[in-house]
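Here are a few short exercises to work through with the model open on your screen. Try each task before you read its solution.

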Amino acid sequence: PEPIRHLGSMRARALCRAPHRPPWLRAKSFSSLVMADERCPALLHVDSFTRVAFAGNPAAVCLLDAPADATWMGAVAANQNLSETAFMWPTGASEVEGLEGEPARGETFELRWFTPSVEVDLCGHATLAAAHALFSAPGGRESPLLRFGTRSGELVAALRGEGCIELEFPASPPRPLLDGVGPTRGEVALALGLPVDKVVVVGASDDLLVALPDAGAVAALAPDLHAVSRWPYRGLIVTAAGSGSEADFVSRFFGPAVGIPEDPVTGSAHCTLAPYWSGVLGKSTMLAQQLSQRGGARFPEIPRDSALFPEIPRDFLRFYLIPRDSPRFPEVASHRGEEVAPREGSGREGE
């Protein structure tokens with residue numbers, strides 16, 4: 001029940017056929033796409049947030065044994081033409097804090113993410129793909145914990161039972177918009193092709209968060225991407241409440257300003273979505289669905305915002321990346337009944 005699969009007709013190619021194999025990847029055979037450039041010994045294509053072929057969000061993962069030039073990494077990402085390409089190289093092993101707060105031995109890597117046009121500060125599905133690439137290498141790893149040094153700080157990935165990978169990501173609740181910064185509510189409505197009274201501009205983090213009346217409106221949306229690309233944000237998150245049985249909330253993500261017209265499943269967007277919906281719904285565990293054309297997997301999320309859980313000092317989210325058809329899904333989804341008091345001021349202003 002692993003949340004990611006390798007795809008394509010090149011699966012049988014062994015890593016040892018590449019010009020150079022990084023010594024830290026202790027694998028005799030590993031599905032990869034081979035590049036002629038010796039700086040890129042293995043380039044993997046991984047679909048995140050899915051257990052079936054040609055679904056979820058694809059990412060390329062470039063396994064390096066030393067840092068690479070940013071211009072070169074950008075050129076590789078542009079050549080892949082996927083929403084994200086992850087580049088990582090080992091930096092050693094050290095004592096790390098596990099997801100339960102306990103000290104543990106873990107391997108450390110530097111991790112960077114590139115779209116076809118720019119480097120970005122945070123990417124969820126490419127981080128999941130990178131963790132999967134390391135955990136699924138034949139022979140396994142010395143530790144079930146990985147620590148990634150990134151432009152957004154340290155991120156932790158843990159291998160759990162039944163092939164589940166947990167990621168710990170920084171929470172980024174939406175902030176009220178400043179006067180004169182970003183589009184007006186009318187401009188947002190115009191770009192979305194909707195009446196003004198159907199659009200609620202919640203706030204912004206790196207992305208603009210907009211709430212719509214229902215999941216059907218989110219699914220049918222066809223925004224003016226040229227207009228969205230001119231806004232001073234990484235992207236646009238559009239969301240609505242879910243049906244309850246299928247999902248607590250749904251969303252779509254558009255990032256034309258960073259070369260991503262629409263992202264199939266966006267882990268980093270849920271750093272904003274989870275704190276917002278936790279406050280609205282008063283829940284500590286939720287089920288999310290991204291309504292992209294490829295079909296986003298549903299997965300529970302546990303906000304770790306210190307305003308909700310004072311005993312946890314850091315503002316982090318824990319993502320349980322478990323597809324709906326996983327045997328572990330009922331076990332985790334059963335915790336959706338846990339409730340917390342809604343945060344003051346967390347309601348959707350204007351509705």
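The exercises below go through charged pairs, one helix and some aromatic rings.

Before you start: this is a predicted model, where local features need pLDDT of at least 70, side-chain atom pairs count only at pLDDT 80 or more, and totals for chains, interfaces and linings use all residues. Residues are numbered from 1 along each chain as its sequence is written, and side-chain values use heavy atoms, with hydrogens and water left out.

**Exercise 1.** Find out which parts of the chain the salt bridge between Arg151 and Glu119 links.

Step 1. A salt bridge here is a side-chain nitrogen of Lys or Arg within 4 Å of a carboxyl oxygen of Asp or Glu. Arg151 and Glu119 make one at 2.9 Å, N to O.

Step 2. Arg151 sits in the loop between β7 (145-150) and β8 (153-159), and Glu119 in strand β6 (residues 119-120), so the pair links distant parts of the chain, 32 residues apart. Strands are DSSP runs of E, at least two residues, and helices are runs of H or I, at least four, both numbered from the N terminus.

Step 3. Now widen the view: Arg112, Glu119, Asp121 and Arg151 are linked in a network of salt bridges.

**Exercise 2.** Work out whether Glu262 and Arg252 are buried or partly exposed.

Step 1. Buried means under 20% relative accessible area, exposed over 50%, and partly exposed in between (1.4 Å probe, protein chains only).

Step 2. Glu262 comes out at 26%, so it counts as partly exposed, whereas Arg252, at 8%, is buried.

Step 3. The two form a salt bridge, with the closest N and O atoms 2.8 Å apart. Glu262 is in strand β14 (residues 260-263) and Arg252 in strand β13 (residues 249-255).

**Exercise 3.** Check the span of helix α2 and say how enclosed α2 is.

Step 1. The expected span is 1.5 Å times one less than the number of residues. Helix α2 (residues 124-135) has 12 residues and reaches 16 Å from first C-alpha to last, close to the 16 Å expected.

Step 2. Since 12 of the 12 residues of α2 are buried, α2 is largely enclosed by the rest of the structure.

**Exercise 4.** Classify the ring pairs that Trp277 makes with Phe249 and Tyr276.

Step 1. Rings of Phe, Tyr and Trp (its six-membered ring) pair if their centres lie within 6.5 Å; planes under 30 degrees apart are stacked, over 60 edge-to-face, the rest tilted. The count comes to five aromatic pairs.

Step 2. Phe249 and Trp277 have ring centres 5.8 Å apart and planes at 5 degrees, so they are stacked. Phe249 lies in strand β13 and Trp277 in helix α6 (residues 270-281).

Step 3. Tyr276 and Trp277 have centres 5.1 Å apart and planes at 70 degrees, so that pair is edge-to-face.
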